[in-house]
Amino acid sequence: MIGNNLEWITTENTHEETWRRLLEYANIELAYNAIEKRHGKATKNTKKNYLKQAEQIRVSLLQAKEYFEASKYSSLMTQPNHLYYGSVALTTACMLLLGGGNKSLDLLRKDNRNSHHGLNFTFSSNLQKSKENTNLLENSFVQIFKNGHFFNWYSTLKKEQSNFATFINTENGSTTRNFDKVGHYNISDFESLVNKKYSLIELINNLPDLQNDLNRFEFDIYSTRGQHKVFANHDEKIQRQEFIFHSAQTPEVLDDIISNFIMDDKKVKLRIEKHNSSNSCAVAYQTELNYKYQLTYPDSRFTLDNDSIYFKDPFETPEVIDLFMINFALSMMSRYYPDIWVSFLESHCIGAKLVERLVRIFTLKIPFLVLNQMSSEEITISNHKPPWHVN
């Protein structure tokens, strides 16, 4: 079973299914229906604008698909360019659906401030140093501007990013399982991000799909794989929640992650059971069924394999934002610093190895994360059955 807030799709080719779902919005009728669902039933005054908006969504998605397809037939020398412009087209479609009439392309074109990417790239190293370790990534920076495409898109994103858990429900002696929303975190207001500057390595450290690579390359990583389960016993009227964390890099990292647990009710006691030999632990607590309380716990993100990675530090933005900014920076580097970029790739340094993985993640994950922003419900697309599936 799944909850009302999430749809789990099991398919052999997850990338193909993601694009199939995205391109449903390239159908004018389906896009029009989605706009009505978001912004209300069309009236005589709004119908024309809804249809125009649906057409703009359509052409944006068709362009996005072509850019992503083109990236398959290019090398790392130019792939970031195809993927970045494909991502711009994808996020434009997302903005058009979520933003309503005030984000239509014809309206935005009337103001020259909207013609900017909304991001700025700076680089502070040289050709020789860039071939060493992760020097290029450490000295490449993205700064957020207050106007432009990035702002227009960001301002339409879901303000609440959902957290999910596996629910095991017992009632009348029988057990059922489902996956449902259990909480959320709020993304930062755009105003608090304006003029902030991030290094690429800083953004990369927050990507769940790179945690194993970073660990293997002996980076200090401040995350751990984990699971969140809720055991609801309706017969005994009790509920138990359990977080299990696996193999943090050090005991200190595990302690830092656990320190994010804050219970607002002194009657509810958190029980922490550590297994220091493997830097793993369980955090659990029990309440009466439907007992009201607030719990703050570590922020997490899902990998492409649907593993949950919990991080020491809270997130300001959803993962799709971090990926978009990294993609922008690599695109700028490859276009405006081609001598440094090609030399960096041909050095096969650790940074270049990370970029190889990054391009793969851009290809598979940006479309999926944009789809989740556009969808009215959360979607998981996987090549295996959900972890709570019981034969």
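The following exercises, each with a worked solution, concern the predicted model shown above.

Residues are numbered from 1 along each chain as its sequence is written, and side-chain values use heavy atoms, with hydrogens and water left out. In this predicted model, local features need pLDDT of at least 70 and side-chain atom pairs count only at pLDDT 80 or more, whereas totals for chains, interfaces and linings use all residues.

**Exercise 1. Aromatic pairs of strand β8**

Determine which geometry the pair Phe-243 and Phe-261 adopts, and state where its two residues lie.

Solution.
Step 1. Apply the criterion: rings of Phe, Tyr and Trp (its six-membered ring) pair if their centres lie within 6.5 Å; planes under 30 degrees apart count as stacked, over 60 as edge-to-face and the rest as tilted. The structure holds 28 aromatic pairs.
Step 2. For Phe-243 and Phe-261, the centres are 4.9 Å apart and the planes form an angle of 75 degrees, which is edge-to-face.
Step 3. Locate the residues, taking helices (H or I, at least four residues) and strands (E, at least two) as DSSP runs numbered from the N terminus. Phe-243 belongs to strand β8 (residues 238-246), while Phe-261 lies in the loop between α11 (251-258) and β9 (262-263); the pair links distant parts of the chain, 18 residues apart.
Step 4. Assess burial, where buried means under 20% relative accessible area, exposed over 50% and partly exposed in between (1.4 Å probe, protein chains only). Phe-243 and Phe-261 are both buried.

Next, explain why the pair Phe-245 and Tyr-310 ties together separate parts of the sequence.

Solution.
Step 1. This pair is also edge-to-face, with 5.2 Å between centres and 75 degrees between planes.
Step 2. Phe-245 is in strand β8 and Tyr-310 in strand β14 (residues 308-311), so the contact joins parts 65 residues apart in sequence.
Step 3. Phe-245 is buried because its relative accessible area is 0%; Tyr-310, at 3%, is buried as well.

**Exercise 2. Charges over rings**

Identify the ring over which the charged end of Arg-301 sits, and do likewise for Lys-197.

Solution.
Step 1. The criterion requires NZ of Lys or CZ of Arg within 6 Å of the ring centre and within 35 degrees of the ring normal.
Step 2. The charged end of Arg-301 sits over Phe-315, at 3.8 Å from the ring centre.
Step 3. The charged end of Lys-197 sits over Phe-141, at 5.9 Å from the ring centre.

**Exercise 3. Two pockets**

Describe the volume and lining of the largest pocket, then those of the second largest.

Solution.
Step 1. On a 1 Å grid over the protein atoms alone, a pocket is an open set of points where a 1.4 Å probe fits, with protein on both sides within 12 Å along at least five of seven lines; lining residues have an atom within 4 Å of a point. Grid points are joined across faces, edges and corners, and the volume is the space filled by probe spheres set on the points.
Step 2. The largest pocket has a volume of about 1200 Å³. Its lining comprises 49 residues, with Arg-301, Phe-302, Thr-303, Asn-306 and Thr-380 nearest its centre.
Step 3. Classify the lining: Ala, Val, Leu, Ile, Met, Phe, Trp, Tyr, Cys and Pro count as nonpolar, Asp, Glu, Lys and Arg as charged, and the others, Gly among them, as polar. The largest pocket has 19 nonpolar, 20 polar and 10 charged lining residues.
Step 4. The second largest pocket has a volume of about 650 Å³. It is lined by 31 residues, and Val-182, Gly-183, Tyr-293, Leu-295 and Tyr-297 are the closest to its centre.
Step 5. Strand β5 contributes the largest share of this second lining, 4 residues. By class, the second lining has 14 nonpolar, 13 polar and 4 charged residues.

**Exercise 4. Helix α4 and backbone angles**

Compare the span of helix α4 with the expected value, and state what follows the helix.

Solution.
Step 1. The expected span is 1.5 Å times one less than the number of residues. Helix α4 (residues 79-99) has 21 residues and reaches 29 Å from its first C-alpha to its last, close to the expected 30 Å.
Step 2. Of the 21 residues of α4, 19 are buried.
Step 3. Just after α4, Gly-100 takes a positive phi of about 80 degrees.
Step 4. Asn-195 has a positive phi of about 75 degrees although it is not a glycine. Asn-195 is exposed, with a relative accessible area of 52%.
Step 5. Glu-218, likewise not a glycine, has a positive phi of about 65 degrees. Glu-218 counts as exposed because its relative accessibility is 73%.
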